[in-house]
Amino acid sequence: MKTVTITIQEDGEPREIEIQVPDTGEGGWGDLSKNTYINKPHTRVDAVDKVTGRAKYTADIKLPGLLYGRILRSAHPRARINRIDATRAMALPGVSVVVLPNDDPEVFSRECRFAGQEIAAVAATTPEVAEDALHAIDVDYEVLPFVVDEDAARDPDAAQVHSDRGNVGEPRVGEQGDIAAGFAQADVTLEASYRCQVQSHIALETHGNVCQWEGDKLTVWASTQGVFSVRGELAGHFGIPETNVRVITEFMGGGFGAKFGARKEGVICALLARKAGAPVKLMLTRKEEHLATGNRPSAVQHVKLGATSDGKLVAYERSNYGTPGVAGSANIPGAPYLYEIPNYRIEQTSVFTNAGPMAAQRAPGHPQAAFAMESMMDEMAEALGMDPIDIRQMNDPDEARRNMVAMGAEHIGWKTRRSATPNSQTGRIKTGMGVGSCRWGGGGGRTQAECTINPDGSVQVKCGTQDIGTGTLTLVHMVAAEEFGLKMEDITVGIGDTNYPYSGGSGGSTTAASVSPAIKGTTMLAKLELFKKIAPRFGVEPGELVASDGNVFVGSDPSKSMTWQQATAQLGDEPIFFHGQWLPGYSDSGVPGVHFVEVSVDTETGLVKVDRVVAVHNSGMILNPLTWASQVNGGVLMGIGYGMYENRIMDPATGYMVNANLEDYKVMGSTDIPEIEILRYDEPERGVIGIGEPATIPTPASIANAIYNACGARIREMPFTPDKVLSALAAVKEG
């Protein structure tokens, strides 16, 4: 046994206590080779439900008397509403209710700051009637000057997005050492600018809710990354206790950071349901997703890097800005990304524009930072006549990442298959190889769980986390089954409900590292309670008992055994109920990652094809290698989409997003998917670490470096579309 310190709530106040738990060694998960489930690949327990359509998502919820909600959004990027009249809309057959700015000024505003802002909403008996009702609401706008381009918005004479502050936010500065002395020490100094576009989220399932009131109690089915944050926001908005709000997310179709909290569409859905006295479903359209639910901010980075002739980085200066739209921040990591540089200065600002607000998106700020830094590292390596890997290894303080770079380089044949001289091939199609790296934090905590062992042998585990498509439900089954020595199907698991014990939102690669230690600790301590009751029958101490293969036996003498059902029958009519929480020692934070990419470049059309990706990642102790690999695949593909295709295009003349759909907003198709090979860098002694974020970060940078290696064209602006490639190739020819 070992002692761990946990924090409990006592009379509403946190208090640290020490408890005894079985000592399962460094990393907390025992001898992985002896496990049945943990660290072994397992198909998702809900796979059949999902592929057969039995799984019920928010959009599938049907309730008696259900109405359908729709939101009226601003038709102008900057306007003031002088008058709004819903008389014609309310007269339409099937329209139940309309809510206007005066009904809830916290949600609807008469001051419109982007095209797509919420100004009114309706609920009707069918989605079609609701849509017709939106067109029947008369709005008298006073159209005002606007700006949707971050470069134009920086002009002091530009239209002002907000009346109480300028378009350019206060600069955030990070510095270390003596930047002037550092550059004076440098033998080579390079300067370049890199530009990253705004990226939409594109979760497969759009934002949406179904709300039903019963008196002052509200039940919500939500597509959310955090059932408890939805509960808290709705309870606060409507002035009711959180205990009066129940939020359910049984199945959820993806979220990358934009689905925390109820958000305006959730509050509006509840408003409509309360006013109508009937349940309301409000699912956003793909256009609304683009306009109003958040995005990855742009980034324009002016970078200056100095190095000595032997490749040692000595000075770094970066000035960057980007637009978060009307609200939020466009900041990226505030220190030189990945590498140890003794002298640096970074100044960054956010530039407000009349466009939809940003929202945290898978590894916020990191893909932008990695693109500029890893591109510049390749440029510096060429200037110094070094191999791009050698300069990275020399300046990277992270031993694990250096090992992973070496692992990936060996696997892809960096030294044997890559041409050291860019643009060295003849012919129209040229191939190249590039590398990019990343880091991410993650970590776990706060999650609680409860476990019931019933006298008939059945086991229930409940936790208020949500499965956003990453396999969380499966990992709960796995951890509990491993602990009790039962089959996964023997465990009844409940998640995605605020009636279950608290768990935080699913984001930032924190879910597995939060949930798995909580399930491990809760089931482990519940099992100990069972062992305390049956140990006297064997004449041993509880710690000497083992649960495995459906039996409970004495570890030193397996002949002293009983089945799991015989063991739990000793409980009589009193089940064991244990409420536990996240335990330290079973998870960690902080991981590196490395991607190697091979591309083909058509030098006549500018078309780039990603042929192969070798992704090297580290998640400490991997719970389920199958779902882990799925997340790496997804991250790689999202990175390719960001680097190659996706781009929000705003029309500066009208202030509209002109590609707010999935036809003109380009995303990857099945024929764009390359061969992806995943290499694991295992560190099981560190415990569980998330993988959602790091797998998407280094892909664009490694593609850009591979394009340069192929054809000698350095692309410093994403996405890497054919026009940019052809322009860069033309510049190469012109010298």
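## Charges over rings

Lys 304 is placed over the face of Phe 183, with 4.4 Å to the ring centre. The model is predicted. A second charge sits over a ring at Tyr 642: the charged end of Arg 296 is 5.1 Å from the centre of that ring.

## Aromatic pairs

Eight aromatic pairs occur in the structure. One of them joins Trp 29 and Tyr 586. Their centres are 5.8 Å apart, and the angle between the planes is 80°, an edge-to-face arrangement. Trp 29 belongs to the loop between strand 2 (13-21) and helix 1 (47-52). Tyr 586 belongs to the loop between strand 27 (576-581) and strand 28 (591-602). The pair therefore ties together parts that are 557 residues apart in sequence. Trp 29 and Tyr 586 are both buried.

Phe 371 and Phe 720 form a tilted pair, because their planes meet at 45°, with 5.8 Å between the ring centres. Phe 371 is in helix 9 (residues 366-384), while Phe 720 is in the loop between helix 17 (699-711) and helix 18 (722-734). So this pair ties together parts 349 residues apart in sequence. Both Phe 371 and Phe 720 are buried. Ring pairs also bring in Tyr 194, giving a cluster of Tyr 194, Phe 371 and Phe 720.

## Cavities

The whole structure has three cavities of 30 Å³ or more. The largest has a volume of about 70 Å³. Its lining includes Phe 114, His 290, Asn 354, Arg 648 and Tyr 656. By class, that lining has seven nonpolar, four polar and one charged residues.

The second largest cavity holds about 60 Å³. Among its lining residues are His 207, Asn 209, Thr 224, Lys 259, Arg 263 and Glu 265. Strand 12 (208-214) and helix 7 (263-276) are the elements that give two or more residues to this lining. The class split here is three nonpolar, six polar and three charged.

## Gly 507

Gly 507 is found in the loop between strand 23 (491-494) and helix 14 (511-538). Its relative accessible area is 24%, so Gly 507 is partly exposed. Leaving aside residues up to four places away in sequence, Gly 507 touches Gln 225, Phe 260 and Glu 693. Asp 132 is 375 residues from Gly 507 along the chain, and the C-alpha atoms of the two are separated by 37 Å.

How values were computed: Residues are numbered from 1 along each chain as its sequence is written. This is a predicted model: local features need pLDDT of at least 70, side-chain atom pairs count only at pLDDT 80 or more; totals for chains, interfaces and linings use all residues. Side-chain values use heavy atoms; hydrogens and water are left out. Helices (H or I, at least four residues) and strands (E, at least two) are DSSP runs, numbered from the N terminus. Buried means under 20% relative accessible area, exposed over 50%, partly exposed in between (1.4 Å probe, protein chains only). Contact means heavy atoms within 4.5 Å. On a 1 Å grid over the protein atoms alone, a cavity is a set of points where a 1.4 Å probe fits but cannot get out, and a pocket is an open set with protein on both sides within 12 Å along at least five of seven lines; lining residues have an atom within 4 Å of a point. Grid points are joined across faces, edges and corners, and a volume is the space filled by probe spheres set on the points. Ala, Val, Leu, Ile, Met, Phe, Trp, Tyr, Cys and Pro count as nonpolar, Asp, Glu, Lys and Arg as charged, and the others, Gly among them, as polar. Rings of Phe, Tyr and Trp (its six-membered ring) pair if their centres lie within 6.5 Å; planes under 30 degrees apart count as stacked, over 60 as edge-to-face and the rest as tilted. A charge sits over a ring if NZ of Lys or CZ of Arg is within 6 Å of the ring centre and within 35 degrees of the ring normal.
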